[in-house]
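Take a walk through this assembly, one chain and then the other. Keep the view open and follow the elements as they are named.

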Amino acid sequence: MTISSAASEVAGMQRIGGAGTDRTERAERHSGKAIGGATVAAAGSACAASGMPSYRGLLWCDPRTKIVVVFTLGCFCLTLAGGDAQSMIIVRRLLAFAPALLLLFTRRRGAGIGYALCLVGFWLVATFVLPHVGGPIGWLIYASVGMMTQMLPAAMGAYWMLVTTTASELIGALQRMHVPLPITVPIAVMFRFLPVALAEQRAINDAMRMRGVRFGGGKVGQMLEYRVVPLMTNSVRIADELTQSALTRGLGYDKHRTSIARIGFHTIDMLMLLLCAACYIAWGLTAMGILQ
Amino acid sequence: MSDTGIIRCDNVSFTYANVETPSITGFDCEIHAGQVVLLCGDSGCGKTTVTRLVNGLVPHYFEGTLTGRVSVDGLDVASSELAELGKHVGTVFQNPKSQFFTLDVTGEMAFGCENFTMPPDDIRASIAREAQRFDIEHLLGRPIDALSGGQKQKVACASVCVPDPPILVFDEPSSNLDATAIGELARAISLLKKHGKTILIAEHRLYWLANLVDQVMYMRDGQIVRTLSADEFRSLPDHERQAMGLRPVHVEDIEDFASVRGGDSANGEIADGDTGDATDAVHSNTDTAEAYQVEHFAYRYQHSRNVVLDIAHAAIAAGRATAITGLNGAGKSTFARCLQGLDRRCRGTLIEPQTGRSLRRKQRLSSCFTVMQDVNCELFCESVLDEIVLAQPQENKSVALDVLRRLDLEAFADRHPLSLSGGQKQRVAIAAALASERPIIILDEPTSGLDLRHMRQVASMVRSLTHMGRTIVVVTHDPEFAIAACDANITLEQGRLAEAYPLDAAGDQRLAARLTAPVAA
């Protein structure tokens with residue numbers, strides 16, 4: 001068993017997951033219809049019992065919606081698409097506050113409030129302090145405030161996406177977007193293996209530090225070997241055991257595979273996608289000269 | 001089904017590919033539905049191969065030559081698909097690090113059912129059912145990384161139960177668990193038994209299973225040499241058990257491990273004038289000039305208010321072996337890391353006996369040597385000899401060979417470390433510690449998953465290291481090993497020093513009672 005074969009194992013699973021996704025949807029729709037409205041509440045409580053939405057708060061949306069939101073934030077706030085037109089500046093300001101709201105409604109109140117305070121602070125500095133400070137200090141404040149207001153919204157949006165999405169949701173969503181396997185497989189492997197590799201690396205590092213300074217002195221090739229060899233052998237061993245465990249639990253049972261990850265567009269997704277679309281429409285209109 | 005047995009092996013032999021000797025030969029057994037069966041015997045006796053025969057990893061994953069017939073729940077193992085067998089047999093493995101396929105508890109519990117293409121709502125209902133049964137509802141949705149060892153093993157049990165297989169196989173489930181976690185595991189298994197599951201357990205540590213099993217199969221060299229009923233197992237005479245190489249069946253027998261420590265008068269000295277009272281013991285230790293003094297060890301994680309470790313004072317007798325015991329999460333491993341000086345955020349000093357020099361973190365890094373729990377992380381070289389030379393303060397092959405000779409490893413000098421068995425690797429790591437010529441040697445959980453013979457071997461190695469004048473600190477939750485190898489015990493509780501006492505007769509009893517309490521209760 002090697003890493004590559006473990007990876008292909010994971011790849012196999014993901015392929016199965018990809019094929020199984022519409023089946024998931026069908027099964028969900030089917031059971032919803034059959035059970036009827038009265039038991040929807042029961043299903044909801046079962047879902048609550050299985051802990052699904054607990055760490056996501058009120059605002060639950062599809063990973064694909066999140067990707068669109070983050071992309072929109074990047075497009076307008078980070079790259080300043082749309083230029084200096086009056087309406088685009090308004091759009092940009094509204095968008096800058098969006099991550100604060102998103103975080104507030106997904107149980108990241110601390111981050112949301114902190115971010116909102118930052119924005120207000122920047123605005124205060126820009127309106128009340130900047131006009132009275134000149135010279136290089138003024139320029140420094142201007143540059144740093146400008147950079148922060150440009151970068152923070154997109155960064156906070158990406159943070160929101162990462163903390164509210166599990167690996168299986170993200171991969172399920174990517175597969176439905178027909179993202180090719182060479183991209184989704186490394187993501188799946190990274191999610192599962194990166195923490196393992198990091199922990200192993202830490203232990204190896206400890207063992208090396210304990211053995212003392214001789215590693216520091218010039219033996220670069222050997223140092224690399226000492227680091228990489230145990231990491232590789234341990235990773236292979238863990239991959240091997242992981243494969244055994246997965247195989248006894250039915251990996252590869254069927255070409256298809258169901259998933260309990262709740263992926264699908266709902267009202268909230270529609271609303272958010274519409275808002276994003278509105279931003280792009282505003283951009284188009286300004287480009288055509290209809291909006292100022 | 002009940003009259004023919006749910007698991008049947010008829011004259012089964014199996015030889016792994018690339019290995020000459022068969023792992024099991026002429027293996028016959030019949031297990032009836034609803035029974036809890038224990039497989040025991042030395043490492044390498046074929047226990048794990050039997051569990052693999054039942055869950056289908058042999059012959060579907062591990063290739064080799066299989067003769068005879070294995071049938072499980074009416075299926076012929078050799079001709080059934082591995083994934084199909086997965087519906088009938090659930091397996092809980094030894095190492096929690098490598099048996100979880102996803103990163104969160106809910107996803108993990110869903111994994112099997114998702115593979116078996118159950119409708120999502122049914123899966124959610126099954127997850128809710130098993131979570132309630134195993135009392136882990138509060139863990140759902142949490143990242144698996146954040147769980148303790150016992151919680152992980154409970155999640156593993158619950159996960160394999162979600163698709164509701166009639167047969168469950170456990171391969172050394174307790175090796176990484178502390179007393180509380182073993183207690184929880186024992187309760188989980190008795191619950192599964194009550195629900196009519198057929199359970200097959202391969203295990204070295206036996207005391208926690210004494211009241212759970214219906215039948216015990218004792219294996220040697222790939223065959224069942226003795227089958228015991230539950231009553232026979234519980235009343236197994238001590239000398240017979242020892243002759244069979246089994247670990248204690250009863251908590252009371254654990255104290256007898258002091259015999260390994262044997263004629264060493266070490267604990268006697270420390271215990272002089274000791275009335276068995278904890279504070280007295282601490283003082284008698286403290287007053288000994290021949291002890292390392294641990295002063296103000298404190299550690300807390302970044303961004304955390306909780307102190308993980310806070311020890312104002314402790315004494316570690318020089319030239320003796322001291323056990324650091326306590327539950328998972330009590331701060332044992334953090335203590336070991338701090339003592340070794342591996343962590344920058346750890347405060348505190350260690351005062352040497354005699355010189356009175358206080359060793360700061362950087363100095364401790366070069367005066368202690370840790371044999372890590374996962375020895376695979378500290379084997380770097382191409383031969384065992386190189387491994388020893390690497391640990392030496394000055395490279396010197398003849399001294400290194402001498403170290404290998406002293407620990408009976410001479411024959412392996414030219415072997416590649418990774419080609420050795422787990423026990424041998426561990427001995428190489430201990431040899432490296434000896435070769436480092438550092439006064440303090442720390443062993444982090446050295447006996448997880450060792451059988452009686454190997455455990456005794458490690459214990460006698462620890463004894464011989466103390467005879468060479470080394471100070472040994474053993475982090476362990478294995479009462480059998482602590483009693484067999486150590487002279488004194490320090491118990492940690494929530495990062496604080498709860499008690500310290502010498503391991504004399506009274507101390508042994510106290511330690512054994514403490515480290516097995518949750519099972520006995």
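Chain A has 10 helices and zero strands. Read from the N terminus, its elements run α-α-α-α-α-α-α-α-α-α. The model is a predicted one. Of the 292 residues in chain A, 31% are buried. Contacts in this chain reach far along the sequence. Among those between residues at least 6 apart, 79% join residues at least 24 apart.

Now turn to the interface. Here 52 residues of chain A are in contact with 56 residues of chain B. Five helices of chain A each supply at least two residues to the side that touches chain B. They are H1 (3-35), H2 (40-49), H7 (167-176), H8 (181-211) and H9 (220-248). The largest share, 13 residues, comes from H9(A). By class, this side of chain A has 24 nonpolar, 18 polar and 10 charged residues.

Move into chain B. A UniProt annotation from an unreviewed entry, "domain: ABC transporter", covers residues 7-246 and 292-519 of this chain. Take the span 7-246. It is 35% helix and 25% strand. The C-alpha atoms at its two ends lie 25 Å apart.

Next, find the six-stranded open sheet in chain B. Its strand order is S6-S7-S8-S3-S9-S10, and the pairing is mixed. Which strands stand at the edges? They are S6 (89-92) and S10 (223-229) of chain B. Each has a single partner strand, so one side of each is left without a neighbour in the sheet. From one strand to the next, the twist averages 20°.

Look at the S6 edge. S6(B) pairs with S7(B), residues 167-171, in the parallel sense over four bridges. One bridge can be picked out by its residues: B:Gly90 has B:Leu168 in S7(B) as its partner. Helix H6 of chain B, residues 149-161, packs on the sheet and touches both S6 and S7 of chain B. The direction of H6(B) makes about 165° with that of S6(B).

H6(B) also leads to another helix, since it is among the elements that cover the buried residues of H4(B). How many residues of H4(B), the helix at 105-115, are buried? The count is 11 of the 11, so H4(B) is largely enclosed by the rest of the structure. The buried set includes B:Glu108 and B:Glu114 as well as B:Met109 and B:Phe111. The cover includes H5 (120-133) of chain B too, and H7 of chain A. H7(A) was met above, as one of the helices on the side of chain A that touches chain B. Just after H4(B), B:Thr117 takes a positive phi of about 50°.

Finish with the nonpolar cores. In soluble globular proteins, nonpolar side chains tend to be buried together. The largest core here has 188 residues. Which of them touch the most other members? They are B:Ile388, B:Ala431 and B:Val474. Helix H18 of chain B, residues 422-435, gives the largest share of this core, eight residues. Leaving out residues up to four places away in sequence, B:Ile388 touches B:Ala400, B:Val403, B:Leu404, B:Ala431, B:Ala432 and B:Ala435. Another core lies apart from this one. It has 23 residues, among them A:Cys77, A:Leu103, A:Trp160 and A:Met272.

Notes. Residues are numbered from 1 along each chain as its sequence is written. Chains are lettered from A and ligands numbered from 1 in the order in which they are written. This is a predicted model: local features need pLDDT of at least 70, side-chain atom pairs count only at pLDDT 80 or more; totals for chains, interfaces and linings use all residues. Two residues are in contact if their C-beta atoms, placed from the backbone, lie within 7 Å. Ala, Val, Leu, Ile, Met, Phe, Trp, Tyr, Cys and Pro count as nonpolar, Asp, Glu, Lys and Arg as charged, and the others, Gly among them, as polar. Two strands pair if DSSP finds at least two bridges between them. Axes are lines fitted to C-alpha atoms, for helices over the stretch in contact, and angles run from 0 to 180 degrees between N-to-C directions. A nonpolar core is a set of buried Ala, Val, Leu, Ile, Met, Phe, Trp, Tyr and Cys residues joined through C-beta atoms within 7 Å. A residue is buried if 20 or more other C-beta atoms lie within 10 Å of its own, exposed if 12 or fewer, and partly exposed in between; C-beta atoms are placed from the backbone. UniProt positions are given in the numbering used here, feature names are shortened, and annotations may be inferred rather than shown by experiment.
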